[in-house]
Amino acid sequence: MTVESTAAARKPRRTSKRTSAAKKPQSSEPQLVQLLTPEGERVEHPDYSIDLSADELRGLYRDMVLTRRFDAEATALQRQGELGLWASLLGQEAAQIGSGRALRDDDYVFPTYREHGVAWCRGVDPTNLLGMFRGVNHGGWDPNSNNFHLYTIVIGSQTLHATGYAMGVAKDGADSAVIAYFGDGASSQGDVAESFTFSAVYNAPVVFFCQNNQWAISEPTERQTRVPLYQRAQGFGFPGVRVDGNDVLACLAVTRSALERARRGEGPTLVEAFTYRMGAHTTSDDPTKYRADEERAAWEAKDPILRLRAYLEKEKFADEAFFTALDEESETLGKRVREAVRAMPDPDPMALFEHGYADGNSLVDEERAQFAAYQASFADSAEEGK
Ligand SMILES: Cc1ncc(C[n+]2csc(CCOP(=O)(O)OP(=O)(O)O)c2C)c(N)n1
Ligand SMILES: [Mg+2]
């Protein structure tokens with residue numbers, strides 16, 4: 001499917017001629033790096049070869065299945081009132097596991113709020129991802145324990161953090177690399193343009209990994225750009241590549257190559273993982289209001305997990321016992337996550353005022369006192385009710 005045909009499958013939008021941005025790009029169909037077709041056929045690419053053992057292939061499959069199971073549990077927990085919000089990664093497992101498994105332990109990751117699969121690859125306990133979405137903490141893990149920064153909600157800002165961090169890595173003379181995740185919508189942010197400029201001119205060892213999942217809440221990608229996103233890199237003076245974001249092998253190979261380039265001191269690369277957000281933007285969103293069912297159905301046929309399963313089965317790299325054991329492992333993970341979330345203690349409400357300033361602040365002190373009085377007012381009414 002091309003960018004154009006994806007757009008054609010969408011519900012017509014009521015736009016005037018003046019505001020319509022959905023003109024077809026003049027260029028021919030963008031090149032897409034693919035190593036595994038949607039049917040599970042292994043294909044070669046002249047620039048990106050990869051040779052994985054059956055064990056490694058099963059490992060990638062297991063990562064994707066467990067991540068999807070965890071994600072489904074989190075969505076269910078939100079629906080049951082246990083989480084305030086959840087941002088599902090459904091459909092983006094290959095982009096995240098492929099790129100996540102390309103990283104070395106000493107590399108550093110700057111995620112958005114949807115990188116649950118990358119967090120999994122970094123060894124962040126999945127239950128730690130849920131505290132912020134339950135509203136019981138401001139983050140949930142120590143970024144330096146796994147070189148995985150806290151989730152970032154301010155769209156695009158983490159690309160600047162990553163660039164600054166990568167410039168520091170280069171100054172230290174280290175040979176590790178940095179990866180910044182962001183979305184198609186974020187590509188329109190000034191922060192992202194600034195990080196492209198700085199990383200290019202300072203040759204920073206950073207990979208910009210854009211998951212183009214076709215949507216920024218209800219805005220389609222053609223509202224963000226007139227050219228395929230990976231081509232933006234050219235104007236900043238570094239390479240850009242579009243990879244099939246539903247192909248875990250291609251995502252692994254392309255990200256590995258970009259990271260190696262960064263390590264060699266050759267500067268940044270933009271990787272555009274062309275994928276699809278199969279679910280809602282978050283549990284607060286209803287995509288039936290703005291996109292057609294046929295579009296989702298077309299992408300279901302390119303499911304990242306099913307295509308790897310088809311390949312594993314065809315090549316006899318995995319047997320029935322493997323899939324059965326994985327099903328059981330998935331259910332155990334779901335149960336563990338559910339129990340851990342329900343057991344999370346509510347924080348002391350006054351903890352809200354901690355961590356803003358290292359040395360305190362008079363305005364925060366005032367607000368703390370006001371809030372303490374407000375809390376105390378409930379205690380009074382509870383007494384009266386007795
Ligand atoms: C600076 C900023 N502006 C707006 C928002 C509101 N917002 C949250 S998610 C989102 C869309 C992001 O889309 P994209 O970058 O494509 O990432 P995706 O959610 O599709 O993974 C917006 C506009 C925000 N969080 N931060
Ligand atoms: Mg998006």
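Trainee: Which side chain has an N or O atom 3.3 Å from an oxygen atom of ligand 1?

Mentor: This is a predicted model, in which local features need pLDDT of at least 70, side-chain atom pairs count only at pLDDT 80 or more, and totals for chains, interfaces and linings use all residues. Residues are numbered from 1 along each chain as its sequence is written, ligands are numbered from 1 in the order in which they are written, and side-chain values use heavy atoms, without hydrogens and water. A polar contact is a pair of N or O atoms within 3.5 Å. The side chain at 3.3 Å from an oxygen atom of ligand 1 belongs to H281.

Trainee: How much of the 580 Å² that ligand 1 exposes when taken alone does the protein bury?

Mentor: Accessible areas come from the Shrake-Rupley method with a 1.4 Å probe. A polar side-chain atom of N213 lies 2.9 Å from an oxygen atom of ligand 1, and a backbone N or O atom of W215 lies 2.8 Å from one. Of the 580 Å², the protein buries 70%.

Trainee: Which helix gives the most residues to the largest nonpolar core?

Mentor: A nonpolar core is a set of buried (under 20% relative accessible area, 1.4 Å probe, protein chains only) Ala, Val, Leu, Ile, Met, Phe, Trp, Tyr and Cys residues joined through side-chain atoms within 4.5 Å. The largest has 66 residues, of which Y61, L130, L249 and L308 touch the most other members. Helices are DSSP runs (H or I, at least four residues), numbered from the N terminus. With 10 residues, spanning part of 248-263, the greatest contributor is helix α10.

Conventions: Polar contact = N/O pair within 3.5 Å; in protein donor to acceptor, adjacent residues only side chain to side chain. Buried < 20%, exposed > 50% of the residue type's maximum accessible area, 1.4 Å probe, protein only. Helix = DSSP H or I, 4+ residues; strand = E, 2+ residues; numbered from the N terminus.
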